[in-house]
Amino acid sequence: MACSRQPEVLWAQRSEKIYLTISLPDAKEIVLKTEPKGLVTFSAVANGEPFSFTLELFDSVLPEGSKTKTKMGLRNIICSIQKEKKGWWKRLLKSEEKHPYIKVDWNKWCDEDEESEVSGDSDDDFDGANEGDGSDDNDGMLYLPDLEKLRGK
């Protein structure tokens, strides 16, 4: 059997959940499991190659099925995992070892003191396109500030 590779994993958190975005276009045979002790296992095949990883999360999570939600996209697999205890983790994994394939998801990131400003407890975890831009006038349009005005011209 060929050695499997790790896909890029982006992560962010809120006080109650962890978001994992697994970047793996055209993934097939996807298996994603979360266990209460905080073990997350993933495997999939993309372009005929096996990909997999096992992560031991910083703390316990609620068992699979209760609050773990997964959305399969063409390019990404997005997973929202409910923490067992509400609170901010100082890192994603139990070990302090660095994993080159795990990166912070700055698009979903929010600091502990900003959490109440970001769209509360919506069930729509996977639609962060309009998050925090203050304008819902253009459905699905990304808000970009007028850079000329910001420069003072």
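Two strands are said to pair if DSSP finds at least two bridges between them. With that in mind, good morning; I shall speak about a predicted model, and I begin with one pair of strands.

Strand S6, residues 69-72, and strand S7 run antiparallel and are joined by four bridges. One residue pair illustrates this: lysine 71 has isoleucine 78, in S7, as its bridge partner. The connection between S6 and S7 is a hairpin of three residues.

Let us now place these strands in their sheet. The sheet is open and has five strands, in the order S6-S7-S2-S1-S8, with mixed pairing. At its edges stand S6 and strand S8, residues 102-104, each of which pairs on one side only. From one strand to the next, the twist averages 20 degrees. Towards the S8 edge, the pairing of S1 with S8 is parallel, over three bridges.

Which residue in S8 stands opposite tryptophan 11? That residue is valine 104.

Tryptophan 11 deserves further attention. The whole structure contains five aromatic pairs. In one of them, tryptophan 11 meets tryptophan 109 edge-to-face, with 5.3 Å from centre to centre and 85 degrees between the planes. This pair links distant parts of the chain, 98 residues apart: tryptophan 11 lies in strand S1, whereas tryptophan 109 lies in the loop between S8 and helix H1, residues 147-151. Ring pairs also bring in Trp106, forming a cluster of Trp11, Trp106 and Trp109.

Is tryptophan 11 buried or exposed? Tryptophan 11 counts as buried because its relative accessible area is 8%, and the limit for burial is under 20%. Tryptophan 109, by contrast, has a relative accessible area of 25%, so it is partly exposed.

I turn to the interior. In soluble globular proteins, nonpolar side chains tend to be buried together. Here the largest nonpolar core has 24 residues, and Leu20 and Leu55 have the most contacts inside it. At least two core residues come from each of strands S1 (8-13), S2 (17-23), S4 (39-46), S5 (49-56) and S7 (76-82). The largest share, four residues, is supplied by S4. Leucine 20 touches, among others, Trp11, Val40, Leu55 and Ile78, leaving aside residues up to four places away in sequence.

Finally, a word on confidence. The chain averages a pLDDT of 80, and 71% of the residues score at least 70. Over residues 120-124, however, the pLDDT is below 50, and this stretch has two contacts beyond near neighbours in sequence. Residues 127-139 also stay under 50, with 10 contacts beyond four places in sequence. Where pLDDT is low, the predicted coordinates should not be read in detail.

Conventions:
Residues numbered from 1 in each chain as written. Heavy atoms only, no water. Core = buried A, V, L, I, M, F, W, Y, C linked by side-chain atoms within 4.5 Å. Buried < 20%, exposed > 50% of the residue type's maximum accessible area, 1.4 Å probe, protein only. Contact = heavy atoms within 4.5 Å. pLDDT = per-residue confidence, 0-100. Axes fitted to C-alpha atoms, helices over the stretch in contact; angles between N-to-C directions. Phe/Tyr/Trp six-rings, centres within 6.5 Å; stacked < 30°, edge-to-face > 60°.
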